[in-house]
Amino acid sequence: MIITPKELQNWIENNHYFKAVDIRGEEQRYDLPIMGLDHMIAHENNLPNTSDKLVLICQFGIVTEGIIIENDLKETFSLLGGVEAWNAFHAQQKDMSRWSRQTILREVGIEGQTKLMNSKVVIIGMGGLGCPVAQSLITCGIKNLKIIDGDAVELSNLHRQPLYGFDDVGRMKVHAAKDTLQALSDSALIDAVQFNLDENNGLRLLADANVVLDATDNISTRKLIDKLCKRLNIPMVYGALYRYEGQVAILNVNGKGGYSELFPGKIPSVDNCSEAGILGMLPGIIGNIQALETVKLLLDIKPNLIGKLLLYDGMSHTTQTIKL
Amino acid sequence: MIKIKLKCFSQVKYALETDELIFELEDGTTSYEFEKIVRQRSGDKLEGVTLRIAVNQEYVKDDTELYDGDEVVLIPPVQGG
């Protein structure tokens with residue numbers, strides 16, 4: 001069984017009987033002591049014989065989960081996220097154990113997770129790309145999310161826009177999306193903007209963002225986002241689709257390499273999804289690459305797509321990464 | 001003569017009906033000349049399509065000479081989302 005740091009804190013406050021047991025080796029105990037929790041130390045093969053509930057604690061909560069399952073231990077709990085998550089909870093009163101599987105990653109950690117939770121992200125367009133982008137960013141811990149789209153859900157959207165269901169047809173996309181996203185993370189602060197980005201509202205809508213996601217379906221809006229991001233000096237994570245293919249790039253980092261440098265001049269009309277056609281999985285793949293690159297950008301994880309254009313072909317699964 | 005590999009994406013792929021093509025070209029052929037050759041090969045299917053040129057995974061802004069073994073991608077803008 002699993003117990004989160006917050007649940008364990010409730011046990012302490014309500015005087016539940018339990019024994020917390022640190023099963024880590026001496027070196028890990030020395031490097032990262034458990035803060036603010038009475039506990040004993042024991043080897044995993046020599047756990048205390050007690051009628052009290054046991055809470056086993058390791059560094060990340062992975063080893064203890066394995067021990068409980070393998071030995072079929074009853075009345076024994078694994079502390080989700082381990083000492084890392086407990087200490088972060090103890091220090092900040094924020095339970096980050098939910099993200100324990102990603103905070104294990106050296107490049108993320110508790111510090112990175114805190115950074116994600118304090119970041120402000122704007123997604124423009126809640127269609128094929130916007131849905132997977134929003135879903136992945138909310139579930140990975142982005143709390144401040146603004147979603148912008150002036151369209152209502154149509155029946156033909158459902159095959160590639162999984163935040164919406166049959167009953168949402170006719171509703172504004174941002175409202176339907178907010179309901180689904182809020183169910184994934186009740187503490188997220190989702191600002192649903194039910195009109196399109198334009199020259200008049202653009203600066204105001206994007207001004208406080210750390211990163212802007214371009215999930216639009218037309219080049220004129222893309223160019224406007226590019227212009228606004230340049231003016232506000234905000235990075236833009238670009239994504240676009242064509243049949244079985246997609247493009248992703250991180251543009252306008254430190255004022256360099258924007259969409260207008262990628263495709264300068266006037267661009268003649270290009271087919272969009274309703275004209276060229278699209279399989280529902282493609283926006284899922286490309287949108288998730290955008291979300292991945294957003295997290296890498298926010299946490300300064302390298303290599304990434306800053307100043308590079310990724311071309312992905314879902315038919316042959318070939319990619320090209322072009323330096324801008 | 002030089003051999004140039006063209007990797008095809010999006011409209012270029014559908015116009016030429018292939019993922020990849022090898023071209024045998026005169027020595028000294030430039031990127032702009034190569035783009036024209038590709039457009040001619042497609043008939044009129046790339047007419048009006050904006051293309052950016054990358055040689056060996058790097059954008060080239062100006063006309064540049066191609067060399068034997070170079071890999072070229074002609075990149076069109078796409079807009080679906």
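**Why the names fit: strands, buried residues and a contact between two chains**

Colleague: What makes strand S6 (residues 120-124) of chain A mostly covered?
Modeller: In this predicted model, four of the five residues of strand S6 in chain A are buried. A residue is called buried when its relative accessible area is under 20%, and because four of five pass that test, the strand counts as mostly covered.

Colleague: How do you know that S6(A) is joined to strand S7 (residues 144-148) of chain A?
Modeller: Two strands are said to pair if at least two bridges are found between them. S6(A) and S7(A) are joined by five bridges and run parallel, so the requirement of at least two is met. One of the partnerships sets A:Lys120 against A:Asn144 in S7(A).

Colleague: Why is A:Tyr164 called buried?
Modeller: The relative accessible area of A:Tyr164 is 6%, and since the limit for a buried residue is under 20%, the name follows for A:Tyr164. This tyrosine sits in the loop between S7 and helix H8 (173-184) of chain A. Leaving aside residues up to four places away in sequence, A:Tyr164 touches A:Met126, A:Cys131, A:Val153, A:Leu158, A:Lys173, A:Ala176 and A:Ala177.

Colleague: Which backbone oxygen does the side chain of A:Tyr164 reach, and what distance is given?
Modeller: The side chain of A:Tyr164 reaches the backbone oxygen of A:Met126 at 2.7 Å. The limit for a polar contact is 3.5 Å, so the distance of 2.7 Å lies within it.

Colleague: Is A:Asn157 buried or exposed, and what value shows this?
Modeller: A:Asn157 has a relative accessible area of 5%, and because buried means under 20%, A:Asn157 is buried. A:Asn157 is also found in the loop between S7 and H8 of chain A, and, with residues up to four places away in sequence not counted, A:Asn157 touches A:Ala152 and A:Lys173.

Colleague: Turning to chain B, why is S5(B) described as largely enclosed by the rest of the structure?
Modeller: Five of the five residues of S5(B) are buried, so the strand is largely enclosed by the rest of the structure. In a regular strand the side chains alternate between the two faces of the sheet. Both faces of S5(B) are covered, with B:Glu71, B:Val73 and B:Ile75 buried on one side and B:Val72 and B:Leu74 buried on the other.

Colleague: How do you know that S3(B) and S5(B) pair, and in which sense?
Modeller: S3(B) and S5(B) share four bridges in the antiparallel sense, and since at least two bridges are needed for a pairing, these strands qualify. Within S5(B), B:Leu74 stands opposite B:Ile53. S5(B) also pairs with strand S1 (residues 2-7) of chain B, in the parallel sense and over three bridges, and there B:Val73 in S5(B) is the bridge partner of B:Lys7.

Colleague: Why is B:Glu17 called exposed, and why is B:Asn56 called partly exposed?
Modeller: B:Glu17 has a relative accessible area of 64%, and because exposed means over 50%, B:Glu17 earns that word. B:Asn56 stands at 38% relative accessibility, which lies between the limits of 20% and 50%, so B:Asn56 counts as partly exposed. B:Glu17 lies in the loop between helix H1 (10-16) and strand S2 (20-25) of chain B, whereas B:Asn56 lies in the loop between strand S3 (52-55) and strand S4 (58-59) of chain B.

Colleague: What makes the meeting of B:Lys13 and A:Asp313 a salt bridge?
Modeller: The side chains of B:Lys13 and A:Asp313 meet at 2.6 Å, N to O. A salt bridge requires such a nitrogen and carboxyl oxygen to lie within 4 Å, so this pair satisfies the rule. The count between chain B and chain A is one salt bridge, and the interface also has 14 residue pairs in polar contact.

Colleague: How many residues does the contact take from chain B and from chain A?
Modeller: The contact takes 23 residues from chain B and 41 residues from chain A, and the two chains bury about 2,600 Å² between them, 56% of it on carbon and sulfur atoms.

Notes. Residues are numbered from 1 along each chain as its sequence is written. Chains are lettered from A and ligands numbered from 1 in the order in which they are written. This is a predicted model: local features need pLDDT of at least 70, side-chain atom pairs count only at pLDDT 80 or more; totals for chains, interfaces and linings use all residues. Side-chain values use heavy atoms; hydrogens and water are left out. Buried means under 20% relative accessible area, exposed over 50%, partly exposed in between (1.4 Å probe, protein chains only). Contact means heavy atoms within 4.5 Å. Buried area is the accessible area (1.4 Å probe) that two parts lose on being put together, summed over both. A polar contact is a pair of N or O atoms within 3.5 Å; within protein, one must be able to donate a hydrogen and the other to accept it, and residues adjacent in sequence count only if both atoms are side-chain atoms.
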